[in-house]
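Here's a handful of exercises to help you find your way around a new structure. Try each one on the model before you read the solution.

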Amino acid sequence: MTEGAMREPTFLILTALAARAQHGYGILRDVEEISGGRVTLRAGTLYAALDRLCTDGWVAVDREEVVDGRLRRYYRLTNEGTAKLEAEVKRLQAHTRVAAQRLRTRPSGGIA
Amino acid sequence: MNDVERRYRRLLRWYPRDHRERNGEEMLGVLLADARDRERPGRRETLDLLWGAARLHLRRIVGVDGGFDRRDVLAILSLLAPVLMLAAAEQDLYVLGAWLRGGGWVTSSGSYLASDAALWAIWLAVAVLAVVGMRRVAAVGAWLGTAGFVQAVFVELQDTWSFRLWTTMNAGWVLLGALTAVALTWSPGPARGRELVGRWSMAVLATSVAVPLLFGLLDGWTEDTLFTTAWEALLALGVLFFGALVAAGPWSRVGRRAGLMLLLPAMTFVPVVVAQAGLVPHFMYSLSVFEATIIEAAVFAGVPVLVVLLALGVIPRAMRRGRRPVA
């Protein structure tokens, strides 16, 4: 049985954490930047996703800081999370490659 | 504390307690940073927070906490549940015992046995097919067997209160039958289940199932009532469900969850105890047979499912409590 495709918010959160550990607000802003402003995550969605990703072992708490009297917790990608993201990237690449090939063979045109 | 912070704190109260303790202050920091100059949470933000809280509550209640493969739980069930289902034949074996002896039940129980025999033949075939690994055929049989159970327990309406109570007590077996059919249809199958629970587990379960069946046959043979004493019933059912739990492998996360689901028939005894304690709402007695049976079916099938779901939720919650954030 194969695993299903990763949901977009999950993919974007894992991508935001791929290069470095980030705190919650940093993830929100980075997701907006990665998606070119198309996806705006909110705190409720982010923390429901982080709760699941931490329990699944894809994401872990890296460190905590107190900034201006507020707790700031940094999250990082685990090895398992990295493997899942890599697998999803390969899956998407394979699909887009085939989609591009098919579009090129269309009699009425193709992709730019 | 300003007004916007107070409003966010009020919204965060909707989150599960363990999540609030671990992430509440952190979430508040993110919300306030994102709020900038806003004086109150926006409508979308409010809905997002409430939806997030609902998702976390649901995740805790139904135990969808990740960390284990739910298909593995179903794989264990696809191996063990078909065999456990056979234990529900104890009542028919009791009638069979009396019939073989030629007691007073002979005339009436002959036809009673004939109608149930086909059902038990199906479930016996399902158990054998599951054990030898022919899951697809076993799945078809399990769906047929479940349909037969629904017919026997809920559709063949009985006229008297006591008899209806007796039949709805079997609602747990109907649920386990449906779960068996689901597990055989959509899980990786009994072969994967055997890998997870080990080879001795089937022997443990088969022995446990044999105990209530033997009690049923012997009680019928000796013209006794089924489970003459409460101790006898407790012993037979205790051995059965303890054996089922051990067979599922309570040392693993998937095993504990599979074991809990195998207890579904035992959960039916919760509403039975309530009914026998005289706590049945008075209006039930004024309802028609059809109306009362619909309500009973909902209660006797609903309570076991609720108990199992809540119990499934307790496991991840307890684990979360034990996992404190980094200091």
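**Exercise 1. What share of the residues in chain A is buried, and what share in chain B?**

Solution. Start with chain A of this predicted model: buried residues make up 38% of its 112 residues. Now turn to chain B, where 48% of the 327 residues are buried.

**Exercise 2. Work out how many helices and strands each chain has, and in what order they come in chain A.**

Solution. Step one: count in chain A, and you get four helices and three strands. Step two: walk along the chain A sequence, and the pattern reads α-β-α-α-β-β-α. Step three: do the count for chain B, which gives 16 helices and zero strands.

Next, look at how far contacts reach along the sequence. In chain A, take the contacts between residues at least 6 apart: 45% of them join residues at least 24 apart. In chain B, contacts with a separation of 6 or more come from residues 24 or more positions apart in 78% of cases.

**Exercise 3. Find the angle between helix H2 of chain A and helix H2 of chain B, and decide what to call it.**

Solution. First locate the pair: H2(A) covers residues 24-34 and H2(B) covers residues 17-35. Two numbers describe a packed pair of helices, namely the angle between the axes and the distance between them. Here the angle is about 45° and the axes are 8 Å apart. An angle under 35 degrees would count as roughly parallel, and 65 to 115 as roughly perpendicular. The two helices are therefore oblique to each other.

Then see who meets whom. From H2(A) come A:Gly24, A:Tyr25, A:Leu28 and A:Arg29, and they meet B:Val30, B:Ala33 and B:Asp34 from H2(B). Sorted by type, the residues of this contact are four nonpolar, one polar and two charged.

**Exercise 4. Is helix H3 of chain A largely enclosed or not, and how long does it reach?**

Solution. Begin with length. H3(A) runs over residues 43-56, which makes 14 residues. From first C-alpha to last it reaches 20 Å, close to the 20 Å expected at 1.5 Å a residue.

Now for burial, which means under 20% relative accessible area. Ten of the 14 residues pass that test, so H3(A) is largely enclosed by the rest of the structure. Among them are A:Leu46, A:Tyr47, A:Leu50, A:Asp51 and A:Leu53.

For a companion case, try helix H13 of chain B, residues 253-262. Eight of its ten residues are buried, so H13(B) is also largely enclosed by the rest of the structure. Its buried residues include B:Val254, B:Arg257 and B:Met261.

**Exercise 5. Which residues does A:Gly81 touch?**

Solution. Find A:Gly81 in helix H4 of chain A, residues 79-104. With 0% relative accessibility, A:Gly81 counts as buried. Skip residues up to four places away in sequence, and A:Gly81 touches A:Leu14, A:Gly57 and A:Trp58. Look at A:Gly57 in particular: A:Gly81 is 24 residues from A:Gly57 in sequence, and 7.1 Å from it in space, C-alpha to C-alpha. A:Gly57 sits just after H3(A) and takes a positive phi of about 85°.

**Exercise 6. Is A:Asp68 buried or exposed?**

Solution. A:Asp68 is in the loop between strands S2 and S3 of chain A. Its relative accessibility is 76%, so A:Asp68 counts as exposed. Check its backbone too: A:Asp68 has a positive phi of about 55° although it isn't a glycine.

**Exercise 7. What do the side chains of A:Arg73 and B:Asp72 pair with?**

Solution. Take A:Arg73 first, in strand S3 of chain A. At 3% relative accessibility, A:Arg73 counts as buried. Its side chain makes a polar contact of 2.8 Å with the side chain of B:Glu26. A polar atom of the A:Arg73 side chain also lies 2.9 Å from the backbone oxygen of B:Arg22.

Then go to B:Asp72, in helix H4 of chain B. B:Asp72 is buried, with a relative accessible area of 12%. A polar contact of 2.9 Å links its side chain to that of B:Arg192. Beyond neighbours within four places in sequence, B:Asp72 is in contact with B:Arg192, B:Leu196 and B:Val254.

How values were computed
Residues numbered from 1 in each chain as written. Chains lettered and ligands numbered in written order. Predicted model: local features only at pLDDT ≥ 70, side-chain atom pairs only at ≥ 80, totals over all residues. Heavy atoms only, no water. Axes fitted to C-alpha atoms, helices over the stretch in contact; angles between N-to-C directions. Parallel < 35°, antiparallel > 145°, perpendicular 65-115°, else oblique. Contact = heavy atoms within 4.5 Å. Nonpolar A, V, L, I, M, F, W, Y, C, P; charged D, E, K, R; others polar. Expected span 1.5 Å × (residues − 1). Buried < 20%, exposed > 50% of the residue type's maximum accessible area, 1.4 Å probe, protein only. Polar contact = N/O pair within 3.5 Å; in protein donor to acceptor, adjacent residues only side chain to side chain.
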